[in-house]
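Welcome! Take a moment to look over the chain in front of you, then try each exercise before reading its solution.

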Amino acid sequence: MHRIILTILSSLILIINIACEDNESTDGEVLAEYASIYGKITFSGTWPDSGSVLLSLNTTYPAQGPPAGFEYLSLETLSNNEYVYSFNNLSFTNYEAISVTYWPDDYPNGSYSTLGGHFEYMIVTQDNSDLEINFNADF
């Protein structure tokens, strides 16, 4: 009986120790639990009268599957032809693209236009948890 109780207590202590995260680096600095990618998009050209403009963050490019984050944009969300965006609470991983696309009404033939973006690896880690990415988008 004592052996069973000792085994259960030992297992619980082991589980608790494994479950506790180390949220401090070796020099005492608190490490981030999530990542953020943020920045400014500068638009040029004439905003369309119809359709949708979509900002998306993808772990692969070309995109395969749902994005890691997205936002619908409108002319009303711009200030001086600029839009400030932020993707927060991201997992620590590699992201391959932030893109702005235009989707016409009814998506004729499934078509859309890429207006601009950042198509380079963005590696977010606990040590590099906040990335600022600015880019242009043209209609």
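**Exercise 1.** Leaving aside its neighbours within four places in sequence, which residues is Ser36 in contact with?

*Solution.* Keep in mind throughout that this is a predicted model.

- Step 1: Find Ser36 in strand β1.
- Step 2: Skip the residues within four places in sequence; the contacts of Ser36 are then Phe87, Asn88, Leu90, Ser129, Asp130 and Leu131.
- Step 3: Look at Asn88 in that list, whose side chain makes a polar contact with the side chain of Ser36 at 3.0 Å.
- Step 4: Check the burial of Ser36. Its relative accessibility is 15%, and buried means under 20%, so Ser36 counts as buried.

**Exercise 2.** Describe the overall make-up of the chain, beginning with its helices and strands.

*Solution.*

- Step 1: Count the elements: the chain has one helix and ten strands.
- Step 2: Put them in sequence order, which gives the pattern α-β-β-β-β-β-β-β-β-β-β.
- Step 3: Turn to burial: of the 139 residues in the chain, 28% are buried.
- Step 4: Consider contacts between residues at least 6 apart in sequence; 66% of these join residues at least 24 apart.

**Exercise 3.** Which members of the largest nonpolar core touch the most other members?

*Solution.*

- Step 1: Start from a general idea. In soluble globular proteins, nonpolar side chains tend to be buried together.
- Step 2: Here the largest nonpolar core holds 25 residues, and those touching the most other members are Ile37, Ile41, Phe43, Leu55, Tyr85, Ile98 and Val100.
- Step 3: Trace the strands behind this core: β1 (35–44), β2 (52–58), β4 (82–90), β6 (97–103) and β10 (135–138) each provide at least two of its residues.
- Step 4: Take Ile37 as an example. Not counting residues up to four places away in sequence, Ile37 touches Leu57, Tyr85, Ser86, Phe87, Leu90, Tyr95, Ile98, Met122, Val124, Leu131 and Ile133.

**Exercise 4.** Place Phe43 in the structure and decide: is Phe43 buried or exposed?

*Solution.*

- Step 1: Phe43 is found in strand β1.
- Step 2: The relative accessibility of Phe43 is 5%, so this residue counts as buried.
- Step 3: With residues up to four places away in sequence not counted, Phe43 touches Leu73, Leu78, Asn81, Tyr83, Val100, Ala137 and Phe139.
- Step 4: Phe43 also belongs to one aromatic cluster with Trp47 and Phe139.
- Step 5: Measure across to Gly116: the C-alpha atoms of Phe43 and Gly116 are 9.0 Å apart in space, while the two residues are 73 apart in sequence.

**Exercise 5.** How many aromatic pairs are there, and how are two of them arranged?

*Solution.*

- Step 1: The count comes to eight aromatic pairs.
- Step 2: One of them joins Phe70 and Tyr72, with 6.0 Å centre to centre and 85° between the planes. Planes over 60 degrees apart count as edge-to-face, so this pair is edge-to-face.
- Step 3: Check the burial of these two partners. Phe70 is partly exposed at 48% relative accessible area, while Tyr72 counts as exposed at 54% relative accessibility.
- Step 4: Now take Tyr85 and Phe135, a tilted pair with 6.2 Å centre to centre and 55° between the planes.
- Step 5: This pair links distant parts of the chain, as Tyr85 is in strand β4 and Phe135 in strand β10, 50 residues apart.
- Step 6: Both partners count as buried: Tyr85 at 1% relative accessibility and Phe135 at 8%.

**Exercise 6.** Which residues lie nearest the centre of the largest pocket?

*Solution.*

- Step 1: The volume of the largest pocket is about 270 Å³.
- Step 2: Its lining has 15 residues, and those nearest the centre are Ser56, Asn58, Ala63, Ser99 and Tyr112.
- Step 3: Strands β2 and β6 each give at least two residues to this lining.

**Exercise 7.** Where does a cis peptide bond occur, and what is the phi of Asn81?

*Solution.*

- Step 1: Recall the usual backbone pattern. Most residues other than glycine have a negative phi, and most peptide bonds are trans.
- Step 2: The cis bond joins Tyr61 and Pro62, with omega about 0°. Pro62 sits in the loop between β2 and β3 (69–73).
- Step 3: Asn81 has a positive phi, near 65°. Asn81 lies in the loop between β3 and β4 and is partly exposed at 45% relative accessible area.
- Step 4: Asn89 also has a positive phi, about 55°. Asn89 lies in strand β4 and counts as exposed at 57% relative accessibility.

Conventions
Residues numbered from 1 in each chain as written. Predicted model: local features only at pLDDT ≥ 70, side-chain atom pairs only at ≥ 80, totals over all residues. Heavy atoms only, no water. Core = buried A, V, L, I, M, F, W, Y, C linked by side-chain atoms within 4.5 Å. Buried < 20%, exposed > 50% of the residue type's maximum accessible area, 1.4 Å probe, protein only. Helix = DSSP H or I, 4+ residues; strand = E, 2+ residues; numbered from the N terminus. Contact = heavy atoms within 4.5 Å. Polar contact = N/O pair within 3.5 Å; in protein donor to acceptor, adjacent residues only side chain to side chain. Phe/Tyr/Trp six-rings, centres within 6.5 Å; stacked < 30°, edge-to-face > 60°. 1 Å grid on protein atoms, 1.4 Å probe; cavity = no way out; pocket = protein on both sides within 12 Å on 5 of 7 lines; lining within 4 Å. Points joined across faces, edges and corners; volume = space filled by probe spheres on them.
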